[in-house]
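Here are some exercises to work through with the model open in your viewer. Try each task before you read its solution.

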Amino acid sequence: MEDELLGLKNEASTALAAVENKSGLEDFRVKYLGRKGLFSAVMRKLGQVSKEDRPRIGKLANQIKKDLESDFSAQLAALDSQTLTTQMTGIDSTLPGRHVPFGKLHPVSQIMDEVCGIFEGLGFAVAEGPDVETDFYNFEALNIPPHHPARDMHDTFYVDDKVLLRTHTSPMQARIMEKERPPLRVIAPGKVYRCDSDITHTPMFHQVEGFLVDRKISFADLKGVLSVFVAKMFDSKTPIRFRPSFFPFTEPSAEIDIGCVICHGKGCRVCKHTGWLEILGAGLIDPEVFHRVGYDSEEFSGFAFGLGIERIAMLKYGINDIRLYYENDLRFLTQF
Ligand code: PHE
């Protein structure tokens, strides 16, 4: 038995040394070290060895198995490194690695996050709604009946008679109010669509709607919230002004301007020499909107505002053509 073991050891060592590649190595493993291999076969005969000899032979067998296994691992490592060397031939490993550029958020997403972050800091909850909207939520619930002249301003993409791509995020006012009771403090960011395209308009752009409904809400509350927003978004010294305007779903309504961030009020091309830039539309929610969602307008009042993200980003970064956002030119996008 001892001779048989030693013979097997020599035979295996010679075979291992002759192995040239990985498949040869696998054949070797199966033939000698596998469960049905030659070594196991010899080991099964250990039972026939006399009691006195068994510990010695057993120890020898274990030692031989260990040696074979460690030689096997060494040969495997040698073959691996040989493969690597072959693959590396002709490659200059001292060259610097290939640079994989990091992606980052699109400037519109960055501004969107920033705007939402400011309102979340003021306690507003975030809600999202569908881009494909019904005529009811986009117009009727907002006090814009069929044939109302305000519909002309919206350049609507219609899917069919009663379904359209939302032209603003204001339908979210009606959707949320219909489901919930005041007090409400909500912002609704998202995409909106208008059939319009030039250097200040793209057929798809982003808005953030904001509204707050509670008891005794006045224009002063609107002014307070928007002043905080402008101070955080631009800089705390940026002047702000409210200009009377009209929206069917707010009364009174206003458009809000900030002092031109480019010329600081001196007058330039961006502000068309007025010193002011319009940034959003707002107002106190029209009692008519409350009636449609079943709120008592004697008990509750609230304000709403809507701002365009691309526009804010253009003002913040001094960009003069809105289409740049959507041309996917990395020379433009990587600047932010
Ligand atoms: N929805 C209006 C627009 O897109 C903006 C607005 C929102 C005005 C909320 C008043 C209140 O022009």
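**Exercise 1. Find which atom of the ligand a polar side-chain atom of S170 lies 2.8 Å from, then describe the ligand's surroundings.**

Step 1. The partner of S170 is a nitrogen atom of the ligand. That pair is a polar contact (N or O atoms within 3.5 Å; within protein, one must be able to donate a hydrogen and the other to accept it, and residues adjacent in sequence count only if both atoms are side-chain atoms).

Step 2. Look next at the ligand's oxygen atoms. One is 3.0 Å from an N or O atom in the side chain of R194, and an oxygen atom of the ligand is also 3.0 Å from an N or O atom in the side chain of Q207.

Step 3. On its own the ligand has 330 Å² of accessible area, and the protein covers 91% of this. Such areas come from the Shrake-Rupley method with a 1.4 Å probe; for residues, only the protein chains shown count as cover.

Step 4. Now the elements: β6 (204-214), β9 (276-285) and β10 (301-308) each give two or more residues to the shell around the ligand. With three residues, β10 gives the most. Helices (H or I, at least four residues) and strands (E, at least two) are DSSP runs, numbered from the N terminus.

Step 5. In total 14 residues surround the ligand, the closest being H168, S170, R194, Q207 and G306; a residue is near if one of its heavy atoms lies within 4 Å. The shell divides into five nonpolar, seven polar and two charged residues. Ala, Val, Leu, Ile, Met, Phe, Trp, Tyr, Cys and Pro count as nonpolar, Asp, Glu, Lys and Arg as charged, and the others, Gly among them, as polar.

A note on the basis: this is a predicted model, where local features need pLDDT of at least 70 and side-chain atom pairs count only at pLDDT 80 or more, while totals for chains, interfaces and linings use all residues. Residues are numbered from 1 along each chain as its sequence is written, and side-chain values use heavy atoms, with hydrogens and water left out.

**Exercise 2. Trace the order of the open sheet of seven strands.**

Step 1. The order is β1-β5-β6-β10-β9-β8-β7, with mixed pairing. Two strands pair if DSSP finds at least two bridges between them.

Step 2. The edge strands, each pairing on one side only, are β1 (125-126) and β7 (240-247).

Step 3. Strands β6 and β10 run antiparallel and are joined by eight bridges. V213 has G302 of β10 as its bridge partner.

**Exercise 3. Locate the cis peptide bond that joins P182 and P183, and the one that joins E251 and P252.**

Step 1. Between P182 and P183, omega is about 0 degrees. P183 sits in the loop between α7 (171-179) and β5 (184-193).

Step 2. Between E251 and P252, omega is about -5 degrees. P252 belongs to strand β8 (residues 250-259).
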